[in-house]
Amino acid sequence: MANRVLIGNRATGGQGLYVSAKGQDVLTCADKHLILDARTKRAGQIYRTGNQSSISSSGLTWTDSNAPSLGFIPLILVIEQEMGDAEIEDNVSPDLDADWESSQVSVWASTETTLRPVSSEFDPNGYSGAVYSLGGRSGTNVRFFVLRIPCQYGKMTTSSLWT
Amino acid sequence: MANRISIGKTTNSNLGYSSGSPGFGIYMARSGKNVLNCSPDQLLLNTDRGSAPRIDKGMFQVVPASNGTTTSQTVQVTSGNTGSVNLVNVGSNHVTFVTGGSGAISQNALSGSTSTTITNPSSYTYNDITALTSTQIFRIACFKTLSTAALF
């Protein structure tokens, strides 16, 4: 059986805690086979999870006294009942002979404290070029993971958050 | 060099612990930070679960597909039907993440202990327009659900 867990000095990486994938020797394996690597700055620590039958267009405040704002917008992974691409053929008169497609239907907006479902809306704008705008919508059977990883413009290089 | 790893008892007051009320677990601080007195946000690994200031609820984990090595699989689903992907049994009610469909909206669900299913609806309505779906190939990954103590 391969060595899976190392606490101490790794030849590549130095002092730390390392865990390798099944079948990989943590002492010698390639970096890509490390499940846990002490050199990384942030890992997939879950700050909060949520399970909501619906979230209205006004959004959900996911912070509270037990999970206050982190001080930055975190990475939030959202799964809802309906996801995927929407491809809709023009069915209005006069026929524009056009297909409208949204490559990601499940669009969400987030802040340091809230999560809000938004829709991608097509605006052919006289067919001079499709313009894409965001409107409100509701989300159904929503599950989400708030990861303690900054995902905010202006915070990605802030040394206090990464070093 | 800073103390990076604590396994066992901790009295880090920034995590809400003290000598009279210690915590137990595995903690690893980011490079250059002392695990004995770092802030919660400076922990790279935290096995606590609880209210502030013990801020993390668990680790983000992916449930492997049944061959035990891949973390996602593709499945072809015809219109109006369901497909499934087999999983390694590490519990049930995992969150199924679906992507890859083209021209259709998939409907996903919580997983069973050994498989998860995805529905390709025969039609869907988007922006008040109803469209029919076709056969789709979806990519599925499953994320491990935490105890309901972490849900709200």
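**Two chains, strand by strand**

Hi everyone, let's start right where the two chains meet: Gln45 of chain A stands opposite Met59 of chain B, which belongs to strand S4(B). That pair is part of a small join, in which S4(A) and S4(B) run antiparallel and are linked by two bridges. Before going on, please keep in mind that this is a predicted model.

Now let me introduce chain A. What elements does chain A have? It has 13 strands and one helix. If you walk along from the N terminus, you pass the strands and reach the helix at the end. Of the 163 residues in this chain, 23% count as buried. And if you take the contacts in chain A between residues at least 6 apart in sequence, 48% of them join residues at least 24 apart.

One strand I would like you to find is S13 of chain A, residues 139-150. Is S13(A) mostly covered or mostly open? Mostly covered: nine of its 12 residues are buried. S13(A) also has partners. Strand S4(A), residues 45-55, runs antiparallel to S13(A), and eight bridges join the two. To see this on your screen, look for Ser54(A), which sits opposite Thr140(A) of S13(A). Another partner is strand S6(A), residues 74-79, whose antiparallel pairing with S13(A) covers six bridges. Here you can look for two prolines, since Pro74(A) has Pro150(A) in S13(A) as its bridge partner. While you have a strand in view, a handy general point: in a regular strand, side chains alternate between the two faces of the sheet.

Next, a sheet that draws on both chains. It is open, has four strands, and its order is S7(A), S9(B), S10(B), S7(B), with antiparallel pairing. Which strands form the edges? Those are S7 of chain A, residues 82-84, and S7 of chain B, residues 81-86, each pairing on one side only. From one strand to the next, the twist averages 35°. The crossing between chains happens where S7(A) meets S9(B), residues 105-108: these two run antiparallel and are joined by three bridges. As a landmark, Met83(A) stands opposite Ser106(B) in S9(B).

Let's step back to the whole contact between the chains. How many residues take part? On the chain B side there are 40, in contact with 41 residues of chain A. Several strands of chain B give two or more residues to that side, including S3(B), S8(B) and S11(B). S9(B) gives the most, with four residues. Sorted by class, the chain B side has 23 nonpolar, 12 polar and five charged residues.

Finally, the cores. In soluble globular proteins, nonpolar side chains tend to be buried together. Here, the largest nonpolar core has 32 residues, and those with the most contacts inside it are Val146(A), Ile140(B) and Phe143(B). The elements giving two or more residues to this core are S4, S6 and S13 of chain A, plus S8 and S13 of chain B. So, there are S4(A), S6(A) and S13(A) again! Zoom in on Phe143(B): beyond its neighbours within four places in sequence, its contacts include Phe145(A) in the other chain, as well as Phe60(B), Val95(B) and Phe97(B). There is also a second, separate core of 13 residues, and among its members are Leu6(A), Leu17(A), Tyr18(A) and Tyr27(B).

That's my tour. Thanks for listening!

Definitions and conventions
Residues are numbered from 1 along each chain as its sequence is written. Chains are lettered from A and ligands numbered from 1 in the order in which they are written. This is a predicted model: local features need pLDDT of at least 70, side-chain atom pairs count only at pLDDT 80 or more; totals for chains, interfaces and linings use all residues. A residue is buried if 20 or more other C-beta atoms lie within 10 Å of its own, exposed if 12 or fewer, and partly exposed in between; C-beta atoms are placed from the backbone. Two residues are in contact if their C-beta atoms, placed from the backbone, lie within 7 Å. Two strands pair if DSSP finds at least two bridges between them. Axes are lines fitted to C-alpha atoms, for helices over the stretch in contact, and angles run from 0 to 180 degrees between N-to-C directions. Ala, Val, Leu, Ile, Met, Phe, Trp, Tyr, Cys and Pro count as nonpolar, Asp, Glu, Lys and Arg as charged, and the others, Gly among them, as polar. A nonpolar core is a set of buried Ala, Val, Leu, Ile, Met, Phe, Trp, Tyr and Cys residues joined through C-beta atoms within 7 Å.
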